[in-house]
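Please follow the description below with the model open beside it. The account starts from a contact between side chains and then moves outward to the surrounding elements.

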Amino acid sequence: MSEIPADLRYTKSHEWMRTLPDGTIEIGITDHAQQSLGDLVFVEVPESGRKLAAGDTCAVVESVKAASDVYSPLAGEVAAGNPALATQPELINKDPYGSGWILRLKPLAGASAGGLDAAAYAAVAASGG
Amino acid sequence: MVDFGGWDMPVAYGSQIEEHHAVRRDAGMFDVSHMCTLDLRGAGVRPLLLRLLANDVGRLTAPGKALYTCMLRPEGGVIDDLIACFLDEKWFRLVVNAGTADKDIAWVKEHARQLGVAVVPRRDLAMVAVQGPFARAKAIPLLPESARAAAGRLGVFFGAAFDDWFVSRTGYTGEDGFEVALPTESAGEFWNALAAAGVARCGLGARDTLRLEAGMNLYGSDMDETVTPLESGLAWTVSFAGNRDFIGRQALERQRAGGPARKLTGLVLADRGVLRSHQKVFTAAGEGEVTSGSFSPTLERSIGFARVPAAAEGAVEVDIRGKRSPARLVRSLFVRRGKPVIES
């Protein structure tokens with residue numbers, strides 16, 4: 001079974017969101033997502049300053065098996081992409097909710113993390129969605 | 001788990017990349033019980049295979065010697081690729097792919113009848129491939145006692161039967177090792193003993209990246225009934241020696257005389273990204289297509305095979321998710337016995 005921390009918010013497309021003390025939102029993919037992708041070999045993270053609308057493709061994660069888009073759960077401006085992933089894509093496999101974060105987003109005024117709570121996401125993951 | 005030719009098979013037991021490295025550096029094992037063993041028995045078996053197979057079983061004179069070959073349609077298309085092992089003048093053993101087994105059996109039976117050869121699918125056998133530089137050393141003590149000494153002396157591409165067990169020094173990884181066919185009821189115990197001896201359990205994912213690095217074709221991806229061995233990088237497996245009348249010969253001779261329009265060749269991606277089957281390849285000589293592609297854990301970059309116009313060479317571009325990425329056509333052998341062999 002995959003790990004689903006209770007203090008994060010989630011999307012149906014398997015991203016997680018963490019609100020940092022300065023108000024930026026850290027985004028990554030869930031343990032369930034990394035398990036179904038298998039070993040990651042390349043990650044394309046967005047550059048700082050890029051403006052994203054909710055639902056925009058904000059990153060690409062590519063495993064030995066397949067390439068998948070990562071979607072921005074909310075509108076905002078990219079504060080940072082995780083530079084470590086360029087040389088260590090496997091951080092997403094090893095620590096999906098920690099050092100495997102993908103980007104940090106400065107939310108557009110009025111945009112909030114929203115999304116699903118852990119229990120609701122657990123139901124999505126269990127249904128094989 | 002994924003469906004593979006009607007069999008439920010694991011893509012990986014843990015990390016696919018670690019499984020891959022285990023085979024290149026030490027020893028790994030694959031449950032390849034989906035591969036179908038066929039016993040062909042009867043005095044007419046050699047004439048039958050001289051007719052059915054594009055490679056020449058006339059070269060198999062030492063008992064236990066095996067060869068890799070295609071079985072062709074009269075038009076030259078590949079019905080399947082398989083290994084044929086000569087055991088005695090009344091007994092050859094074939095190992096064929098899972099997804100093609102039913103049509104293979106029907107095709108072989110159709111031709112075997114008039115020669116009085118019995119075709120017996122051995123669904124009672126499981127198969128474990130043990131591969132890697134230390135695979136044989138780890139596997140030999142776990143074979144039945146009567147088999148150990150002889151298995152240790154098996155030459156490359158030789159096999160031998162030991163009662164219900166069959167051990168051959170073959171594989172699909174580019175490493176040394178054995179493929180062991182054994183009664184299904186003994187397979188679990190053998191598997192567990194190998195695991196206890198430090199042999200890593202490996203899934204279909206690692207099997208795919210290992211065979212790709214080793215330059216070995218996958219039936220259904222790299223070739224099928226719509227292409228010939230000459231268009232599939234398999235000209236080396238076709239024996240035109242003498243006047244042997246194998247099925248498909250006339251079609252291949254016509255194609256050879258005119259020069260095949262296409263070829264299958266290796267492909268290395270220059271930058272980040274991963275080659276995948278069906279991506280378009282743009283060459284100076286025209287368009288082609290990736291037939292197999294993945295990430296090479298040994299080379300730490302993406303490699304693949306592509307079917308391209310025969311004149312294509314050198315620098316090409318591949319359409320990866322809508323972007324043209326630079327790549328290079330190379331010989332389709334990337335890693336051999338654990339060592340990279342492509343020029344970088």
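The side chains of A:Glu62 and B:Arg276 meet in a salt bridge, with 3.0 Å from N to O, the term standing for a side-chain nitrogen of Lys or Arg within 4 Å of a carboxyl oxygen of Asp or Glu. Because A:Glu62 lies in strand 6 of chain A, while B:Arg276 sits in the loop between strand 14 (262-269) and strand 15 (280-283) of chain B, the pair joins two chains. Side chains of opposite charge can pair when their charged atoms come close. Over all chains, the structure holds 25 salt bridges, and across the interface of chain B and chain A the rule finds two.

This is a predicted model, in which local features need pLDDT of at least 70 and side-chain atom pairs count only at pLDDT 80 or more, whereas totals for chains, interfaces and linings use all residues. Residues are numbered from 1 along each chain as its sequence is written, chains are lettered from A and ligands numbered from 1 in the order in which they are written, and side-chain values use heavy atoms, with hydrogens and water left out.

The interface around this salt bridge can be described from the side of chain B. Here 13 residues of chain B are in contact with 14 residues of chain A, contact meaning heavy atoms within 4.5 Å. The two chains bury about 1,200 Å² between them, 50% of it on carbon and sulfur atoms; buried area is the accessible area (1.4 Å probe) that two parts lose on being put together, summed over both. In chain B, the residues that lose the most area to chain A are B:Arg272, B:Arg276 and B:Arg321, together 48% of what that side buries. Eleven residue pairs are found in polar contact across the interface, both residues at pLDDT 80 or more; such a contact is a pair of N or O atoms within 3.5 Å, where within protein one must be able to donate a hydrogen and the other to accept it, and residues adjacent in sequence count only if both atoms are side-chain atoms. Helix 1 (16-25) and strand 16 (286-296) of chain B each supply at least two residues of the side that touches chain A.

On the chain A side, strand 6 belongs to an open sheet of three strands in the order 4-6-7, with antiparallel pairing. Helices (H or I, at least four residues) and strands (E, at least two) are DSSP runs numbered from the N terminus, and two strands pair if DSSP finds at least two bridges between them. The edge strands, strand 4 (40-44) and strand 7 (67-71) of chain A, each pair on one side only. Five bridges join strand 6 (residues 57-63) of chain A to strand 7 of chain A, and A:Val60 has A:Asp69 in strand 7 as its bridge partner.

In chain B, six strands close into an antiparallel barrel in the order 14-17-16-15-18-19. Neighbouring strands of this sheet are turned by 40° against each other on average, direction ignored. Strand 18 (residues 315-320) and strand 19 (residues 323-330) of chain B run antiparallel and are joined by six bridges, with B:Ser325 in strand 19 as the bridge partner of B:Val318. Helix 7 (residues 204-213) of chain B lies across strand 16 and strand 17 (301-309), running at about 125° to strand 16; axes are lines fitted to C-alpha atoms, for helices over the stretch in contact, and angles run from 0 to 180 degrees between N-to-C directions.
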